[in-house]
Amino acid sequence: MSPHLPILREIFGYDAFRGPQQAIIDHVAAGGDALVLMPTGGGKSLCYQIPAIARQRAGQGITVVVSPLIALMHDQVGALHEAGVSAAFLNSTLSSEEASDVERRLLRGEITLLYAAPERVTNGRFLAQMDSLQERGLLSLFAIDEAHCVSQWGHDFRPEYRGLSVLHERYPSVPRVALTATADALTRADIVERLQLESAELFISSFDRPNIRYTIVEKKDASTQLLRFIEREHPEEAGVVYCQSRKRVEEIAVMLCEAGIHALPYHAGLDTAVRQRHQNEFLREEGVVMVATVAFGMGIDKPDVRFVAHLDMPKNIEGYYQETGRAGRDGLASDAWMAYGLQDVVNQRRMIDESPAGEDFKQVMRGKLDALLALAEATDCRRVRLLGYFGEPSTPCGNCDNCLHPPQVWDGTDAARKLLSTVYRTHQSSGHHFGAGHTMDIVRGKKTEKVAQRGHESISTFGLGADYSEQQLRAVMRQLIAIGALHVHTDDGFSTLHLTEASRAVLKGDVPVQLRESTSQRGDKRPRTRNAPAPAAANLGQDAMVRYIHLKAWRAEVAKEHNLPAYVIFHDATLAAIAQAAPQSLSDLQGISGLGVKKLEAYGAQVLKVCKD
Ligand code: ADP
Ligand code: ZN
């Protein structure tokens, strides 16, 4: 038995370690360095919290947790307090008295886990305090959370993370554990190099999140599609909707509110105070939908986010996977839903082209975008592709749109050739490049003003694709851009199409173009599959349900009193298990998952009372 299992049971009230947690915890507690790659919701926190507790108990002193998420430190520390662990944070939200108080406790070695932002950890004053602890043998461990922030290849690059190499240089004997939920091979190598983790043990978990169902739909009227998705699949449930721009965030939030959904906007253009308020509301109240830019979400550990929707396509698979991973941390059935269209492809390509970055960097970004486009266009299992991207082989999952409803495929090769040769001929005859709309008009034989003006009726492909619907041609166009057989060039806001090296193979018919038949949204409520457990309370009988509802109301009061999110007090699943057990005495509560010694002591009597009443 691991010497750390008793801590898991006593402090956190959990029965057994998950996946590689035990191996990681044993290694780190024994003083080894580690790089931990685990998907969101995999249980990374325990991988440093339990070693921190074990080492503090052994007299080895404090663990410093580096985290970029100032706004969340309060709740993270609150959760540890609830479990009876001595924890604190140092950041700019503290008054100077509060900060001095934390520093005093720190220097006395009374704190087990100290959370701080990277800029704090690397400043002179803090390092001097670390020196003092180190001299007295009270500097136990460094945990570097969200370690991908150190890499410019990661999607959340934070220059302050670069300074963290000082930790190893200054305290070579203090072990370090770096953790992240996303790192492709390039990012991983960068983390190792930047943080000098060459001799750290690497722990890679499966990246699969089997309870999340992946769905990517063709974008038609995105906001209506979103509204229908929420109303049909997730009424009254918490979710996150990601949009590209601030303006769009505002519009969508208003649209959802008007439809009676409790939605809030979140983006970098809002006041810090407003952002914090919205974040708190999302964390503390039930059933809030956060409409946000990518500025929102890192470190949000709300366990019952039931869906993550993308109204615009992210930049790459790492970003997409990180964002969708915020759904269903509690392991219960959740959705990752994205609407994707031609404009997304064009926009993302344009953003790369127009960025001031160097050509090498752009090349890497294009490669990453291509992988995401291939995922969006895929007609086979989404999960197999996602996991494959992170180097993990798998078999079709049965819990993504393509597995559940295999798409009809049609052969778009002929349409693709007509589009490409139109691009070729219009350029050849005039020396100009044209956009997607005009090109499709020519292929479909539409006599628009522009067609007449340019004399493009005489192009030999004019009207050759009159049998294709506009939607079909759009799909072909999207795929041609996605596979790099067409390049979109943007100048002064005008996008034009250019042939590429890859165009030739398609023109010659060497590369078949397979497309998914565009389907209208299915009206049926989709059945949950066996690997997607139902929500926490789904299996409760009538009496248990009544207890559950009363327990939730009680929890809401406690959470409010403690100024913490409800799930920090107890998860839904823990409340459901209590309701099911119909406890008569404290001993009936023993062994319920999520109920550690401290919580039993603090809340046991109240919980019994609620259940009896
Ligand atoms: P991550 O940081 O990897 O996204 P967390 O550390 O927030 O994940 O853990 C996700 C959820 O799983 C949390 O609610 C946590 O309490 C729970 N959890 C972690 N380890 C275990 C375990 N061994 N048994 C039961 N629940 C666990
Ligand atoms: Zn699948």
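The questions and answers below go through a predicted model and the terms used to describe it.

User: What should be known about the model before reading on?

Analyst: This is a predicted model, in which local features need pLDDT of at least 70 and side-chain atom pairs count only at pLDDT 80 or more, while totals for chains, interfaces and linings use all residues. Residues are numbered from 1 along each chain as its sequence is written, chains are lettered from A and ligands numbered from 1 in the order in which they are written, and side-chain values use heavy atoms, with hydrogens and water left out.

User: Which residues come nearest to ligand 1, and what makes a residue count as near?

Analyst: A residue is near a molecule or strand if one of its heavy atoms lies within 4 Å of it. Around ligand 1 there are 15 residues, and Tyr-14, Gly-41, Lys-44, Ser-45 and His-571 come nearest.

User: How is the shell around ligand 1 divided by class?

Analyst: The shell has 5 nonpolar, 7 polar and 3 charged residues. The classes are fixed by residue type: Ala, Val, Leu, Ile, Met, Phe, Trp, Tyr, Cys and Pro count as nonpolar, Asp, Glu, Lys and Arg as charged, and the others, Gly among them, as polar.

User: What makes the pair between ligand 1 and Lys-44 a polar contact?

Analyst: A polar contact is a pair of N or O atoms within 3.5 Å; within protein, one must be able to donate a hydrogen and the other to accept it, and residues adjacent in sequence count only if both atoms are side-chain atoms. An oxygen atom of ligand 1 is 2.7 Å from an N or O atom in the side chain of Lys-44, so the pair meets the distance limit. A nitrogen atom of the ligand also lies 2.9 Å from a polar backbone atom of Ala-16, and an oxygen atom of the ligand is 3.4 Å from a polar side-chain atom of His-571. Taken alone, ligand 1 exposes 560 Å², and the protein buries 84% of that. Such areas come from the Shrake-Rupley method with a 1.4 Å probe; for residues, only the protein chains shown count as cover.

User: Why is Arg-555 called buried?

Analyst: Buried means under 20% relative accessible area, exposed over 50%, and partly exposed in between (1.4 Å probe, protein chains only). Arg-555 has a relative accessible area of 3%, so the word buried applies. Arg-555 lies in helix H23 (residues 542-562); helices (H or I, at least four residues) and strands (E, at least two) are DSSP runs, numbered from the N terminus.

User: Which residues does Arg-555 touch?

Analyst: Contact means heavy atoms within 4.5 Å. Not counting residues up to four places away in sequence, Arg-555 touches Glu-286, Ala-566, Ile-569, Phe-570, His-571, Asp-572 and Leu-575.

User: Why is Glu-236 called exposed?

Analyst: Its relative accessible area is 79%, so Glu-236 passes the limit for exposed. Glu-236 is in the loop between helix H10 (222-233) and strand S9 (239-242). Its phi is near 65°, a positive value in a residue other than glycine.

User: Why is Ala-582 called partly exposed?

Analyst: Ala-582 has 28% relative accessibility, so the value falls in between the limits for buried and exposed. Ala-582 lies in the loop between helix H25 (572-581) and helix H26 (586-589), and its phi is near 40°, again positive in a residue other than glycine.

User: What makes the pair of Tyr-389 and Phe-390 edge-to-face?

Analyst: Rings of Phe, Tyr and Trp (its six-membered ring) pair if their centres lie within 6.5 Å; planes under 30 degrees apart count as stacked, over 60 as edge-to-face and the rest as tilted. By this rule the count comes to 14 aromatic pairs. In the pair of Tyr-389 and Phe-390, the centres are 5.4 Å apart and the planes stand at 85°, so the pair is edge-to-face. Tyr-389 is partly exposed at 22%, whereas Phe-390 is buried at 10%. Both belong to one aromatic cluster with Phe-207, Tyr-214, Tyr-320 and Tyr-321.

User: How do you know that Leu-373 is buried?

Analyst: Leu-373 has a relative accessible area of 0%, so the value is under the limit for buried. Leu-373 lies in helix H15 (residues 359-377). Leaving aside neighbours within four places in sequence, Leu-373 is in contact with Met-313, Tyr-340, Val-345, Arg-349 and Ala-482.
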